[in-house]
Amino acid sequence: MSHADHDTRVRGLKCRLCGKLYPKQALNFCTDDFGPLEVDYDYEAVARSLDRATIERRPRTMWRYRELLPVDGEPTVGRHVGCTPLVKADRLAKAIGHTGPLYLKNDAVNHPTLSFKDRVVAVALSKAVELGFKTVGCASTGNLAGSVAANAAAAGLEAYILIPDNLEQGKVLGCTVYGAKVVAIHGNYDQVNRLCSQIAFRYGWGFVNVNLRPFYAEGSKTMGFEIAEDLGWVAPNQVVAPMAGGSLIGKLHKAFGELQKLGLIPKTHTRMFGAQATGCNPITNSVKTDALKVRPIRNPQTIAKSLAIGDPADGYFASLMLRDSGGWGEDVTDDEIVQGMTLLAETEGIFSETAGGVTLAVARKLIAQGKLDPTASTVLCITGNGLKTQEALLDHIPRPKVIDPKLEQFEALVGAAPAEFATVGA
Ligand SMILES: *Cc1c(COP(=O)(O)O)cnc(C)c1O
Ligand SMILES: [Zn+2]
């Protein structure tokens, strides 16, 4: 398809509160009511050029759904991102009492920085290039930092990365290595984010999750598109996904809706379940108390630092959507998060970060509560890699047994009580 077709597909930006239309630009809120802006598509134009066969013929990257992404020309950043494995998780299903088909969408192995953030960054930075930005940046709880730094480096963009000063070593190294200008802030994510808004507007830079946020957020839909395609062009009955700012969960839901609107999958009703840590649970708390508003958490305290956003930008919409879809929100303690991480590793051989432990532990809890139907098809979204959050496990995992290079010592060890090799998740 030609670039001209792309141009008419995306009409501009639209306020989610009042519906006011804006031209395509780096702006994330409505100037009338401060409502968040969202990309506005002409779905009839999309439907004319997109069918299953066209998508299936394309390379296995997230850009196979490009007509549903807000980039006008060819994508220039993150061209290899996406199409991560959808893993049938039978051993895990057995362990948590799920009798229906259970799948893991494994973005812990996303290219190039091992988290689902590579999807949103690919869209945001491709758009930043189209809009003419030379300097980009982000406010990050860790994974976004690494993804912006890596993708900006590959695209030759200058990057400023602002992070809270308490992040895990792997996440700090995982962004400084790319030559980005990394600034650690004394304060939590919400304070970092406020500073980024001031910087973006003063310097006119493209901050992916601030002024480029409407474009950025659309990248998350590709996770949902891939899930439906890999299930044989059908949406799952239930999805469990972690929530930080509350954007991903809403975009997964939107993805299934768009595929239905375009006739690419049959009408299905997917119940959406959001997962948080109890130490930072503004969205799940609002769901559980059936509140209309999301009350910010002033001082988040959890090992799931990637999800530690006390004042989530999309919390309000996420909270309503979870209930509207017939789903729910639940949160888990740090101990449950660790158990979730080790259970996932021991049953499916996937080392996820703390956020993966949150998702798994919440799924398990929701089954026990009778809220998640264990007979229905369910997808758990694994969004980040465990090698980046090793601190969370160090005190919980047995150290290797040390012996001399002698067969007798090995045999003494193997012959010893099985408790010698006991693991936490068992
Ligand atoms: C950013 C992030 C999420 C979810 O982010 P939203 O702000 O809710 O879109 C989930 N998991 C991981 C590992 C993340 O880094
Ligand atoms: Zn508005």
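1. Before anything else, a cut-off for what follows: a residue counts as buried when its relative accessible area is under 20%, with only protein chains considered. Keep in mind too that this is a predicted model.

2. With that cut-off in hand, have a look at strand β5, residues 102-106. Both of its faces are covered: Leu102, Leu104 and Asn106 are buried on one side, and Tyr103 and Lys105 are buried on the other. In a regular strand, side chains alternate between the two faces of the sheet. Five of the five residues in β5 are buried, so the strand is largely enclosed by the rest of the structure.

3. Which strands pair with β5, and in what direction do they run? Strand β4 (residues 86-88) is joined to β5 by three bridges, and these two run antiparallel. Here Leu86 has Lys105 as its bridge partner in β5. Strand β13 (residues 378-382) is joined to β5 by five bridges, this time in a parallel arrangement. In that pairing, Leu104 has Leu380 of β13 as its bridge partner.

4. Lys105 deserves a second look. Its side chain meets that of Glu226 in a salt bridge, at 2.7 Å from N to O. This pair ties together distant parts of the chain, with Lys105 in strand β5 and Glu226 in helix α10 (residues 221-230), 121 residues apart. Is Lys105 buried or exposed? Its relative accessibility is 0%, so Lys105 counts as buried. Glu226 has a relative accessible area of 1%, so Glu226 is buried as well.

5. Now for the other salt bridges; the structure holds 27 of them. One of them is formed by the side chains of Lys254 and Glu38, 3.3 Å apart from N to O. That pair, too, links distant parts of the chain: Lys254 sits in helix α11 (residues 247-261) and Glu38 in strand β3 (residues 37-41), with their positions 216 residues apart in the numbering. Lys254 has a relative accessible area of 17%, and is therefore buried.

6. Helix α11 comes up again with Lys251, whose side chain forms a salt bridge with that of Glu218 (2.6 Å, N to O). Glu218 belongs to helix α9 (residues 213-218), and the two partners, 33 residues apart, again link distant parts of the chain. Both Lys251 and Glu218 are buried. Which residues are joined into one network by salt bridges that share partners? They are Arg16, Glu38, Glu218, Lys221, Lys251, Lys254 and Glu258. I'd check this group in the viewer as a set, with the Lys254–Glu38 pair and the Lys251–Glu218 pair in view.

7. Last, the ligand site. Ligand 1 is surrounded by 15 residues, the closest being Lys117, Ala244, Gly245, Leu248 and Thr383. By class, this shell has seven nonpolar residues, six polar ones and two charged ones.

8. As for polar contacts, Thr383 uses an N or O atom of its side chain, which lies 2.6 Å from a nitrogen atom of ligand 1. An oxygen atom of ligand 1 is 2.9 Å from a side-chain N or O atom of Asn143. The backbone takes part too: a polar backbone atom of Gly246 is 2.9 Å from an oxygen atom of ligand 1. How much of the accessible area of ligand 1 does the protein cover? On its own, ligand 1 has 380 Å² of accessible area, and the protein covers 96% of that.

Note on methods: Residues are numbered from 1 along each chain as its sequence is written. Chains are lettered from A and ligands numbered from 1 in the order in which they are written. This is a predicted model: local features need pLDDT of at least 70, side-chain atom pairs count only at pLDDT 80 or more; totals for chains, interfaces and linings use all residues. Side-chain values use heavy atoms; hydrogens and water are left out. A residue is near a molecule or strand if one of its heavy atoms lies within 4 Å of it. A polar contact is a pair of N or O atoms within 3.5 Å; within protein, one must be able to donate a hydrogen and the other to accept it, and residues adjacent in sequence count only if both atoms are side-chain atoms. Accessible areas come from the Shrake-Rupley method with a 1.4 Å probe; for residues, only the protein chains shown count as cover. Ala, Val, Leu, Ile, Met, Phe, Trp, Tyr, Cys and Pro count as nonpolar, Asp, Glu, Lys and Arg as charged, and the others, Gly among them, as polar. Buried means under 20% relative accessible area, exposed over 50%, partly exposed in between (1.4 Å probe, protein chains only). Helices (H or I, at least four residues) and strands (E, at least two) are DSSP runs, numbered from the N terminus. Two strands pair if DSSP finds at least two bridges between them. A salt bridge is a side-chain nitrogen of Lys or Arg within 4 Å of a carboxyl oxygen of Asp or Glu.
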